[in-house]
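This report describes a single protein chain, moving from one residue to the overall fold, the aromatic side chains and the main pocket. Please keep the sequence and the model in view while reading.

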Amino acid sequence: MHDPFPIPPPSLLVRTATPLAEYFSLYTLPIHIHELLFAAISYHCICAYISPLFSRRLFPTIYPHLPQRTRLNWDVHVVSLAQSVFVCAAALWVMYADEERKAMDWKERIWGYTGGGGMIQAFAAGYFLWDLQICLRYMSVFGVGLLMHAVAALVVFSLGF
């Protein structure tokens, strides 16, 4: 399956990411770097704009009166929910629609590559890139434990590139 993301990777971004990707043996990262960054920016927009807007409208007597720290935690959980629903739905779609993946044996499914799987991986890694910057920005709220989780998850999800 070709990468189903509708926007091709910008050549400048590919050229910029390639040396770092090759150094760490992440050979497919450059062709998915735009999806990873798009995902991280999308998750930021959900946290900063969409969650507060909808939460105020859906829970007008609760959300606006929460302490700032609790609202931040709420918005982070909204992003987590959106990400998990999207990534799971996309993964199920790829499992169903990717003919190249269907032709693979179990070893190829573990170690192989398809564009659809790369896109899903990019969106998952984009979430943990966003999570890392949230943990760094709000260290006093989330602490060192969640920061280490974000670092470890980003590394683990990036290894598949």
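Is Pro-52 buried or exposed? The model is a predicted one, and in it Pro-52 has a relative accessible area of 10%, so this residue is buried, given that the class takes in values under 20%.

## Surroundings of Pro-52

Pro-52 is placed in helix α2, which covers residues 29–58. Leaving aside residues up to four places away in sequence, Pro-52 touches Ile-46, Cys-47, Tyr-63 and Asp-75. A further reference point is Trp-74, 22 residues apart from Pro-52 along the chain, with 9.0 Å separating the two C-alpha atoms.

## Overall fold

The chain contains seven helices and zero strands, so that, read from the N terminus, the order of its elements is α-α-α-α-α-α-α. Its C-alpha trace spans about 55 × 35 × 30 Å along the principal axes, and 36% of the 161 residues count as buried.

Among the contacts with a separation of 6 or more, 67% are made by residues that stand 24 or more positions apart. The accessible surface of the chain comes to about 9,900 Å², and carbon and sulfur atoms hold 70% of that area.

## Aromatic side chains

Eleven aromatic pairs are found in the structure. In one of them, Tyr-127 and Phe-128, the ring centres are 5.0 Å apart and the planes stand at 80°, which makes the pair edge-to-face, because planes over 60 degrees apart fall in that class. Tyr-127 is also paired with Trp-130, where the centres are 5.6 Å apart and the planes lie at 40°, so this second pair counts as tilted. Tyr-127 and Trp-130 are both in helix α6, three residues apart, which is about one turn of the helix.

These three residues all belong to one aromatic cluster, formed by Tyr-43, Tyr-127, Phe-128, Trp-130 and Phe-157. As for their exposure, Tyr-127 counts as buried at 8% relative accessibility, Phe-128 counts as buried at 11%, and Trp-130 counts as buried at 1%.

## The largest pocket

The largest pocket has a volume of about 600 Å³. Its lining consists of 21 residues, and those that lie nearest the centre are Arg-109, Ile-110, Gly-112, Gly-117 and Gln-121. Two or more lining residues are given by each of the elements α3 (68–97), α5 (106–111), α6 (115–137) and α7 (139–159). Sorted by class, the lining comprises eleven nonpolar, seven polar and three charged residues.

## Val-141 in helix α7

Which exposure class does Val-141 belong to? With a relative accessibility of 22%, Val-141 counts as partly exposed, since the buried class is limited to values under 20%. The residue is placed in helix α7, and, apart from residues up to four places away in sequence, Val-141 touches Arg-69 and Leu-72. The C-alpha atoms of Val-141 and Thr-70 are separated by 9.4 Å, although these two residues are 71 residues apart along the chain.

Note on methods
Residues are numbered from 1 along each chain as its sequence is written. Side-chain values use heavy atoms; hydrogens and water are left out. On a 1 Å grid over the protein atoms alone, a cavity is a set of points where a 1.4 Å probe fits but cannot get out, and a pocket is an open set with protein on both sides within 12 Å along at least five of seven lines; lining residues have an atom within 4 Å of a point. Grid points are joined across faces, edges and corners, and a volume is the space filled by probe spheres set on the points. Helices (H or I, at least four residues) and strands (E, at least two) are DSSP runs, numbered from the N terminus. Ala, Val, Leu, Ile, Met, Phe, Trp, Tyr, Cys and Pro count as nonpolar, Asp, Glu, Lys and Arg as charged, and the others, Gly among them, as polar. Buried means under 20% relative accessible area, exposed over 50%, partly exposed in between (1.4 Å probe, protein chains only). Contact means heavy atoms within 4.5 Å. Accessible areas come from the Shrake-Rupley method with a 1.4 Å probe; for residues, only the protein chains shown count as cover. Rings of Phe, Tyr and Trp (its six-membered ring) pair if their centres lie within 6.5 Å; planes under 30 degrees apart count as stacked, over 60 as edge-to-face and the rest as tilted.
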